[in-house]
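Dear colleague,

Please find the structure below, handed over for your study. My notes on what was found in it follow.

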Amino acid sequence: LVLAVIILLIQSFTKKEYDVFLLYAGPTYANQADLHNSMVSSVSDLCITSKDRVSISSIVWVPDRLVEKYSREDLYYNGASNAEALQSFHYALEAGDYSILLIDPELYQKSSDLDIFVSLDELGVGDAARIDAYALKLSDLSLYSKPGFSSLPEDTLLVLRKQSFIQTILTNHK
């Protein structure tokens, strides 16, 4: 028990602090070193923060509309892995630190009724790149031209996630 407490204390004191938490969920493997590093650089430039304070994670999930194409073109597709990826995505929505989400339109549709996305009206975002009240089409934004982001599918959506219930409890504010 003492050893466990010591390990937890060490981990809590050495936990890295981030300014930006971004999650990509879709059919592109965004954890490739060059793609990931170029996305981190682009975000750090846009947010005026150092690269080591940007956290970008990726969940590879193949939407239903691409499953047949993957099979026909002999691309790797595993239904069980895809189901696990969907579970990981739902967990990230419920309990994750991610506030900026770049997601496939099918994932957006599967989660749009959860009342977890920030309304673009609250932010004063214009209508130009809007898909609806919560989502922007990434390819219609200047961010899409930045290194790394242009490698994502054109139909990728950008949404902002509200603070989760767990985060509200832990930080003791809304």
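**A buried arginine and its surroundings**

Arg161 counts as buried, because its relative accessibility is 6%, and buried means under 20%. Please keep in mind that this is a predicted model. Arg161 lies in the loop between β5 and α7 (165-171). From there its side chain reaches the backbone oxygen of Tyr98, at 2.8 Å.

**The strands**

Strand β5 pairs with β3, and the two run antiparallel, joined by 4 bridges. Within this pairing, Ile100 has Leu160 in β5 as its bridge partner. Strand β5 also pairs with β4 (residues 136-137), again in the antiparallel sense, over 2 bridges. Here Leu136 stands opposite Leu158 in β5.

**The nonpolar cores**

In soluble globular proteins, nonpolar side chains tend to be buried together. The largest nonpolar core in this model has 19 residues. Leu23, Phe89, Leu101, Ile103, Tyr108, Phe117 and Val159 are those with the most contacts inside this core. Two or more residues each come from β1 (20-26), α4 (79-95), β3 (100-103), α5 (105-111) and β5 (157-160). Helix α4 gives the largest share, 4 residues.

Which residues does Ile103 touch, if those up to four places away in sequence are not counted? They are Ala25, Phe89, Tyr108, Phe117, Thr156, Leu157 and Val159.

A second core, separate from the one above, has 18 residues and includes Leu35, Val40, Ile56 and Leu158.

**Tyr29**

Tyr29 is found in the loop between β1 and α2 (33-47). Is Tyr29 buried, exposed or partly exposed? Its relative accessible area is 46%, and Tyr29 is therefore partly exposed, since that class lies between the cut-offs of 20% and 50%. Leaving aside neighbours within four places in sequence, Tyr29 is in contact with Leu35 and Val60. Tyr29 and Ile59 are 30 residues apart in sequence, yet their C-alpha atoms are 7.7 Å apart in space.

**Helix α3 and its two sides**

Helix α3 covers residues 64-72, and Leu66, Val67 and Tyr70 are buried in it. Why can these residues be said to line one face of the helix? Seen down the axis of α3, the buried residues fall within an arc of 120 degrees, so they line one face. The face turned away from this buried side carries the exposed residues Glu68 and Arg72.

Glu68 has a relative accessible area of 58% and is exposed. Arg72 also counts as exposed, at 58% relative accessibility. These two residues form a salt bridge, with the closest N and O atoms 3.4 Å apart. An α-helix has 3.6 residues a turn, so residues three or four places apart point the same way. Because Arg72 and Glu68 are 4 residues apart in helix α3, about one helical turn separates them.

Asp74, which follows α3, has a positive phi, near 60 degrees.

**The salt bridges**

Side chains of opposite charge can pair when their charged atoms come close. The count of salt bridges in the model comes to 6. One of them joins Asp104 and Arg65, whose closest N and O atoms are 2.8 Å apart. This pair links distant parts of the chain: Asp104 is in the loop between β3 and α5, Arg65 is in helix α3, and their positions lie 39 residues apart in the count along the sequence.

How exposed are the two partners? Asp104 counts as buried, at 2% relative accessibility, whereas Arg65 counts as partly exposed, at 39%.

Arg65 also meets the side chain of Glu106 in a salt bridge of 3.2 Å, N to O. Again distant parts of the chain are linked, with Glu106 in helix α5 and Arg65 in helix α3, 41 residues apart. Glu106 counts as buried, because its relative accessibility is 18%, and the cut-off for buried is under 20%. Arg65, Asp104, Glu106 and Asp155 are linked in a network of salt bridges.

I would suggest looking at Arg161 and its contact with the backbone oxygen of Tyr98, and then at the network that includes Arg65 and Asp104.

With kind regards

Terms used
Residues numbered from 1 in each chain as written. Predicted model: local features only at pLDDT ≥ 70, side-chain atom pairs only at ≥ 80, totals over all residues. Heavy atoms only, no water. Core = buried A, V, L, I, M, F, W, Y, C linked by side-chain atoms within 4.5 Å. Buried < 20%, exposed > 50% of the residue type's maximum accessible area, 1.4 Å probe, protein only. Contact = heavy atoms within 4.5 Å. Arc of directions from axis to C-beta. Polar contact = N/O pair within 3.5 Å; in protein donor to acceptor, adjacent residues only side chain to side chain. Pairing = 2+ DSSP bridges. Salt bridge = Lys/Arg side-chain N within 4 Å of Asp/Glu carboxyl O.
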